[in-house]
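Reader: I've got this one open on my screen and I'd like to know what backs up the labels people put on it. Can you walk me through the reasoning?

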Amino acid sequence: MSNRIIPTFQHSPRSLTAAEFHRLSDVPPEVEWFANLNNARTRRAYQIDLRDFMGFIGITQPEQFRTIARAHVLAWRKHLEGRQLSGATVRRKLAALSSLFDYLGEKNAVLLNPVAGVKRPKGNSNEGKTPAIGDHEARALLDAPEPDTLKGKRDRAMLSVLLYHGLRREELCLLKVRDIHNRRGVPHLRIHGKGDKIRYVPLHPASAERIHAYLEVAGHGMAPDTPLFQPVRKIGTSITADGVYKCVLAYAAQAKISADGFGVHSLRATAATNALEHEADIAKVQEWLGHANIATTRLYDRRKSRPEQSPTFKIAYE
């Protein structure tokens, strides 16, 4: 009789049934694509856009996307233009549809992307629409929160991170205490950007001072896994993107900032514009902001629009 030991395997307390296994293996790639969108805002926007398209075309099931031809996309684009939507909105809707079909192509569910080659409205390639505020307004905003309360200290630190580092508000919300760390002896912020990309940005001394003052009072500075910016009344959780939005707009009103279209993203635009105005290298600014394409960074480069740089002021009749 053999003395060979036959290995035994521990079974998990819950296994997929055969029916569940086959249901999961039959998940349409259209549903897979949507599930793989990590950013909640992107997922929400794309969901609205695809529902818009499905409603116009008259399809109800994910699998029906495989029957779509370019003529359907062209008809939808004409319909969107007829609704007098902005060029940016039409581009986003077409981008959502194109992203889906790119994924279907990778999964061999379709042969061609019917959105490819469909003309999209042109954007303003010279300057972004998000308003940047001036130096004096930025300074007023930084100093608007009360310096002696927990909320005020938190908000002063939060505004400084936005204005000195150009973070998106989602990136601000994702920051944890451990994301402040030294690299080559210099304090840095580890930022969790779009597409799960990590970038490292040196911490501005003004921000470092304000964060230290906030953590000293808040008391979670020695808990590396906790969110950096927390609601005052809900300790241990992260401030939400909506909370950041309301906070910034309240202080903007207090500082009497009245720029059309002002929002949290304006602080990112302000940081980028200010860096470029002070001769920061545009490629470095691209990396700093986490832009995949330098063309996006150029939207913040408003040096060419300075009135004093106009040829008007170069003319002299002597």
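**Checking the labels**

Author: Let's start with Asp143, in what is a predicted model: Asp143 counts as partly exposed, with a relative accessibility of 39%.

Reader: Why is Asp143 called partly exposed?

Author: Buried is under 20% and exposed is over 50%. Asp143 comes in at 39%, so the label is partly exposed. Arg139 has 38% relative accessibility, so partly exposed is the label there too.

Reader: What makes Arg139 and Asp143 a salt bridge?

Author: The cut-off is a nitrogen of Lys or Arg within 4 Å of a carboxyl oxygen of Asp or Glu. For Arg139 and Asp143 the closest N and O atoms are 3.3 Å apart, so the pair qualifies.

Reader: How many salt bridges does that rule give?

Author: The count comes to 14 salt bridges. One of them joins the side chains of Asp52 and Arg83, at 3.0 Å from N to O. Asp52 sits in helix H3 (residues 40-57), while Arg83 is in the loop between helix H4 (70-82) and helix H5 (87-106), so this bridge ties together parts that are 31 residues apart in sequence.

Reader: Is Asp52 buried or exposed?

Author: Asp52 has a relative accessible area of 17%, which is under 20%, so Asp52 is buried. Its partner Arg83 is at 38%, so Arg83 counts as partly exposed.

Reader: What about Lys246 and Asp242, how do you know that their side chains meet in a salt bridge?

Author: The N to O distance for Lys246 and Asp242 is 3.2 Å, and the cut-off is 4 Å, so the pair passes. Both residues lie in helix H10 (residues 241-254), 4 residues apart, or about one turn of the helix. Salt bridges that share partners also join Asp49, Asp52, Arg83, Arg92 and Lys93 into one network.

Reader: Why is Lys246 called exposed?

Author: Lys246 has 54% relative accessibility, and exposed means over 50%, so Lys246 gets that label. Asp242 is at 41%, so Asp242 stays partly exposed.

Reader: On to the cysteines. How many disulfides does the structure hold?

Author: The structure holds 0 disulfides. A disulfide would need a pair of cysteine sulfur atoms within 2.5 Å. As for burial, Cys173 has 12% relative accessibility and Cys247 has a relative accessible area of 7%. Both values are under 20%, so Cys173 and Cys247 count as buried.

Reader: What makes S1, S2 and S3 a sheet, and in which order do the strands come?

Author: Two strands pair if there are at least two bridges between them. There are 4 bridges joining S1 to S2, and 5 joining strand S2 (residues 186-192) to S3, so both pairs clear the cut-off. The 3 strands form an open sheet in the order S1-S2-S3, with antiparallel pairing. Strand S1 (180-183) and S3 are the edge strands, since each pairs on one side only. From one strand to the next, the twist averages 45°.

Reader: Which residues are bridge partners between S2 and S3?

Author: Among them, Arg190 has Tyr200 in S3 as its partner, and Ile191 has Arg199 in S3. Between S1 and S2, Arg183 is partnered with Val186 in S2, and His181 stands opposite His188 in S2.

Reader: Where do the hairpins have a positive phi?

Author: In the hairpin of S1 and S2, with 2 residues between the strands, Arg184 takes a positive phi near 55°. S2 and S3 form a hairpin with 5 residues between them, and there Gly195 in the turn has a positive phi of about 65°.

Reader: Which side chains of S3 are buried?

Author: The side chains alternate along strand S3 (residues 198-202). Arg199 and Val201 point to one face and are buried, whereas Ile198, Tyr200 and Pro202 point to the other and are not.

Reader: And the chain as a whole, what does it contain?

Author: The chain has 13 helices and 3 strands. Of its 318 residues, buried ones make up 35%. The chain exposes about 19,600 Å², with carbon and sulfur atoms supplying 54% of that. Among contacts with a separation of 6 or more, 59% come from residues 24 or more positions apart.

Conventions. Residues are numbered from 1 along each chain as its sequence is written. This is a predicted model: local features need pLDDT of at least 70, side-chain atom pairs count only at pLDDT 80 or more; totals for chains, interfaces and linings use all residues. Side-chain values use heavy atoms; hydrogens and water are left out. Buried means under 20% relative accessible area, exposed over 50%, partly exposed in between (1.4 Å probe, protein chains only). Axes are lines fitted to C-alpha atoms, for helices over the stretch in contact, and angles run from 0 to 180 degrees between N-to-C directions. Contact means heavy atoms within 4.5 Å. Accessible areas come from the Shrake-Rupley method with a 1.4 Å probe; for residues, only the protein chains shown count as cover.
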